[in-house]
Amino acid sequence: MNDDCIFCKIANHVIESTYVYEDDLVAAFRDMNPAAPTHVLVVPKKHHENIVDDVPAETLAAMVHAVDEVAKAEGISESGFRVITNTGKDADQVVKHLHLHVLGGTFLGEALVTA
Ligand code: AMP
Ligand code: ZN
């Protein structure tokens with residue numbers, strides 16, 4: 001838990017959010033500035049800056065499982081969805097705590113969709 005990190009606080013319920021899925025390793029909650037009808041962020045409960053910041057395989061697997069659970073809960077498993085993770089400056093990563101954007105609920109087209 002990084003005391004200066006907003007997603008550490010949300011993932012560990014120091015600050016509450018609108019949760020879509022949660023287990024021991026990860027939390028999924030709604031993006032406050034949605035870019036699609038479904039826009040959910042999947043984050044590990046432990047602080048990792050990005051997807052290549054020594055994330056344990058168990059945590060990565062839990063994040064993929066959470067994406068599946070989010071898609072089911074949102075009813076977009078069949079219609080499809082997009083998963084994005086911004087890493088570093090050129091990707092314009094704003095929050096420096098690993099998060100997967102799960103976007104769906106409409107046709108997303110070819111655009112590189114971000115928040
Ligand atoms: P990025 O770091 O560019 O991949 O995106 C950060 C995302 O986090 C953006 O889509 C923001 O809208 C979202 N965000 C930032 N703060 C919060 C918050 N407190 N609750 C929910 N979503 C947030
Ligand atoms: Zn954090």
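These are my notebook entries on a predicted model with a zinc ion.

**Entry 1: the zinc site**

I began at the metal. Which residues hold the zinc ion (ligand 2)? I found four protein donors: C5 and C8 through SG, and H47 and H97 through ND1. They lie 2.0 to 2.3 Å from the zinc ion.

Next I looked up the geometry. The angles among the four donor atoms run from 104 to 116°. The site is tetrahedral. For four tetrahedral donors the ideal angle is 109.5 degrees.

Then I checked the spacing in sequence. The donor residues of the zinc ion (ligand 2) follow the pattern C-x2-C-x38-H-x49-H. I took C5 and H47 as a pair, and they link distant parts of the chain. C5 sits in the segment before helix 1 (6-11). H47 sits in the loop between strand 3 (38-44) and helix 2 (57-74). The two are 42 residues apart.

**Entry 2: cover at the donors**

Are the cysteine donors C5 and C8 buried or exposed? I read 7% relative accessible area for C5, so C5 counts as buried, the limit being under 20%. C8 is buried too, with a value of 0%. H47 is partly exposed, at 28%.

I also looked for disulfides. The structure holds zero of them.

**Entry 3: strand pairing**

I moved on to the strands. Strand 1 (19-22) and strand 2 (26-30) run antiparallel, joined by three bridges. A hairpin of three residues connects strand 1 to strand 2. Y19 stands opposite F29 in strand 2.

How many bridges pair strand 2 with strand 3? I noted five, in the antiparallel sense. Here A27 faces V43 of strand 3.

Strand 3 has a further partner in my notes. Five bridges join strand 3 to strand 5, and these two run antiparallel. In this pairing T38 stands opposite G104 of strand 5.

**Entry 4: strand 3 up close**

Strand 3 pairs with strand 2 and with strand 5, and I wanted to know how covered it is. Seven of its seven residues are buried. Both faces are covered. On one side I listed T38, V40, V42 and P44. On the other I listed H39, L41 and V43.

**Entry 5: the nonpolar cores**

Which residues have the most contacts inside the largest nonpolar core? They are V42 and V70, in a core of 15 residues. Strand 1, strand 2, strand 3, helix 2 and strand 5 (100-104) each give two or more residues to this core. Helix 2 supplies the largest share, five residues.

Another core lies apart from this one. It has nine residues, among them A27, F29, L41 and V43.

I then followed V70 out to its partners. I left aside its neighbours within four places in sequence. V70 is in contact with V20, Y21, A28, V40, V42 and V102. Of these, V40 and V42 are on one side of strand 3.

**Entry 6: backbone angles in the loops**

I turned to the backbone. Most residues other than glycine have a negative phi. Where do the residues with a positive phi lie? I noted H13 in the loop between helix 1 and strand 1. Its phi is positive, about 65°, although H13 is not a glycine. H13 counts as partly exposed, at 31% relative accessibility.

D54 is my second case. Its phi is near 50°, again a positive value in a residue other than glycine. D54 lies in the loop between strand 3 and helix 2. H47 is found in that loop as well. Is D54 buried or exposed? At 71% relative accessibility, D54 counts as exposed, because the limit is over 50%.

**Entry 7: a distance across the model**

Last, I looked up A35. This residue is in the loop between strand 2 and strand 3. A35 is partly exposed, with a relative accessible area of 36%. How far from A35 is A62? Their C-alpha atoms are separated by 24 Å. Along the chain, A35 and A62 are 27 residues apart.

Terms used. Residues are numbered from 1 along each chain as its sequence is written. Chains are lettered from A and ligands numbered from 1 in the order in which they are written. This is a predicted model: local features need pLDDT of at least 70, side-chain atom pairs count only at pLDDT 80 or more; totals for chains, interfaces and linings use all residues. Side-chain values use heavy atoms; hydrogens and water are left out. Donors are N, O and S atoms within 2.8 Å of the metal (3.2 Å for Na, K and Ca); water is not among the atoms, so sites may look incomplete. Four donors count as tetrahedral if all angles lie between 85 and 135 degrees; four count as square planar and six as octahedral if opposite donors are over 155 degrees apart and all others between 65 and 115; anything else is irregular. Helices (H or I, at least four residues) and strands (E, at least two) are DSSP runs, numbered from the N terminus. Buried means under 20% relative accessible area, exposed over 50%, partly exposed in between (1.4 Å probe, protein chains only). A nonpolar core is a set of buried Ala, Val, Leu, Ile, Met, Phe, Trp, Tyr and Cys residues joined through side-chain atoms within 4.5 Å. Contact means heavy atoms within 4.5 Å. A disulfide is a pair of cysteine sulfur atoms within 2.5 Å. Two strands pair if DSSP finds at least two bridges between them.
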